[in-house]
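Hi,

Here is the structure I said I would pass on. Have a look when you get a minute; my notes on what turned up are underneath.

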Amino acid sequence: MLALYINSPDIESLYRRPKFIWMLCVLMLYWISRVWMKAQRGAMHDDPVVFALKDRVSLAVGLLAVLTVAAAI
């Protein structure tokens, strides 16, 4: 869905550098894959939201996502 949003014509009017938003796809792919692997290995004992708020890597990915959007504006 994010890739479809990035390819929509509306994004040109919202961001000066819309190509930066592609980095969000990479970040989301990394984070979702990491959460799936943690869950598969039995290392995630909380709700995914609680896990994301406690996990340093998840918080770093969230910070990178915010910085990516800020760079695109």
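Ile73 touches Tyr15, Arg16 and Arg17, leaving aside residues up to four places away in sequence. Keep in mind that this is a predicted model. Ile73 lies in the segment after H5, and its relative accessible area of 48% makes it partly exposed, because the buried class stops under 20% and the exposed class starts over 50%. Along the chain Ile73 and Arg17 are 56 residues apart, yet their C-alpha atoms are separated by 6.6 Å.

Ala72 goes to that part of the chain too: with the same kind of sequence neighbours left out, Ala72 touches Tyr15, Arg16, Arg17, Phe20 and Ile21. Arg17 has something else going on, as its charged end sits over the ring of Phe20, 5.5 Å from the ring centre. As for ring-on-ring pairs, a search of the whole structure comes back with 0 aromatic pairs.

Now for the core. Which residues make up the largest nonpolar core? There are 8 residues in all: Ile6, Ile11, Tyr15, Ile21, Leu24, Leu27, Val61 and Ala72. At least two residues of this core come from helix H3 (22–40), and at least two from helix H5 (56–72). In soluble globular proteins, nonpolar side chains tend to be buried together.

How do H3 and H5 pack? Their axes are 10 Å apart, at an angle of about 170°. Angles over 145 degrees count as roughly antiparallel, so that is how H3 and H5 run relative to each other. On the H3 side, the contact is made by Met23, Leu24, Leu27, Tyr30, Trp31 and Arg34. From H5 come Val57, Ser58, Val61, Leu64, Ala65, Thr68 and Val69. Leu24, Leu27 and Val61 are thus listed in this contact and also belong to the largest nonpolar core.

Two charged residues of H3 to finish with. Is Arg34, which is found in helix H3, buried or exposed? Arg34 is buried, because its relative accessible area is 14% and the cut-off is under 20%. Beyond residues up to four places away in sequence, Arg34 touches Phe51, Asp55, Val57 and Ser58. Lys38 also has its place in helix H3, but Lys38 counts as partly exposed, at 27% relative accessibility. With residues up to four places away in sequence set aside, Lys38 touches Ala43, Met44 and Phe51. Phe51 therefore turns up in the contacts of Arg34 and of Lys38, where contact means heavy atoms within 4.5 Å.

Cheers

How values were computed: Residues numbered from 1 in each chain as written. Predicted model: local features only at pLDDT ≥ 70, side-chain atom pairs only at ≥ 80, totals over all residues. Heavy atoms only, no water. Phe/Tyr/Trp six-rings, centres within 6.5 Å; stacked < 30°, edge-to-face > 60°. Lys NZ or Arg CZ within 6 Å of the ring centre and 35° of its normal. Core = buried A, V, L, I, M, F, W, Y, C linked by side-chain atoms within 4.5 Å. Buried < 20%, exposed > 50% of the residue type's maximum accessible area, 1.4 Å probe, protein only. Helix = DSSP H or I, 4+ residues; strand = E, 2+ residues; numbered from the N terminus. Axes fitted to C-alpha atoms, helices over the stretch in contact; angles between N-to-C directions. Parallel < 35°, antiparallel > 145°, perpendicular 65-115°, else oblique.
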